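Work through the exercises below with the coordinates open. Each has a task, then a solution in steps.

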Amino acid sequence: MLIILILAVGLLLTACGADDPAEEAVETDEDVVASASVVIDQASLLNATSEDGSWIVIIQQDLSVDEDIILVGEFTNNNELDRKIALYDQDDDRNLTDRYTLEAPSITVQSPSTRFQGGTFVGDVYVEAENFELIDFTLDGNLYFETEEAEETFSMDEDSTITGDIE
């Protein structure tokens, strides 16, 4: 009985591991599988961006889809609202080693506290939720805010660019 209890506690601790699976991938590969949505094609992308997805959507290759993407659901990371689209690979020291491009007609962001990081999206982005953020990211398209609150809480770092209009 003691052995079963020790194994159960070990599995529980393993499942609770990394704060940010994309950033902790080298140290905690098991957590990446358990808590991230890794995207390999259109079907896995549409599932990852649904309410059945997870807080982090990891895209590690260039990907083009022919459907509009809707990012829905409320997710948490470290007990805070958080949703991340990660379009990059990194090394053991968390240096970006590769950036990827996602192309679609559009993405509608309905998940609060969403950030796009480390790659490029080709298409238009419609933001309906608050606290949308671009980090080291290129948006090759237009950015539309559906509400005043969404626009007022938007931020982007100095390494991000938007090639189209912001409305």
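Two strands count as paired if DSSP finds at least two bridges between them. The model is predicted.

**Exercise 1. Trace the open sheet: give its strand order and its edge strands.**

Step 1. The sheet has 6 strands. Their order is β1-β2-β7-β11-β13-β16, with parallel pairing.
Step 2. An edge strand pairs on one side only. That holds for β1 (36–39) and β16 (155–156).
Step 3. Check the β1 edge. β1 runs parallel to β2 (residues 56–59), and 4 bridges join them. Within this pair, Val-38 faces Ile-58 of β2.

**Exercise 2. Find the partner of Asp-82 in a salt bridge, and state what the pair ties together.**

Step 1. The cut-off is 4 Å between a side-chain nitrogen of Lys or Arg and a carboxyl oxygen of Asp or Glu.
Step 2. Arg-115 is the partner of Asp-82, with the closest N and O atoms 2.8 Å apart.
Step 3. Asp-82 sits in the loop between β6 (80–81) and β7 (83–86), and Arg-115 in β11 (residues 114–117), so the salt bridge links parts 33 residues apart in sequence.
Step 4. Buried means under 20% relative accessible area. Asp-82, at 9%, is therefore buried. Arg-115, at 14%, is buried too.

**Exercise 3. Locate the salt bridge of Arg-99 and classify the exposure of its residues.**

Step 1. The structure holds 2 salt bridges. In one of them, Arg-99 meets Asp-136 at 2.8 Å, N to O.
Step 2. Arg-99 belongs to β9 (residues 96–99) and Asp-136 to the loop between β13 (133–135) and β14 (138–140), so the pair ties parts 37 residues apart in sequence.
Step 3. Arg-99 is partly exposed at 43% relative accessibility. Asp-136 is partly exposed at 22%.

Note on methods: Residues numbered from 1 in each chain as written. Predicted model: local features only at pLDDT ≥ 70, side-chain atom pairs only at ≥ 80, totals over all residues. Heavy atoms only, no water. Helix = DSSP H or I, 4+ residues; strand = E, 2+ residues; numbered from the N terminus. Buried < 20%, exposed > 50% of the residue type's maximum accessible area, 1.4 Å probe, protein only.
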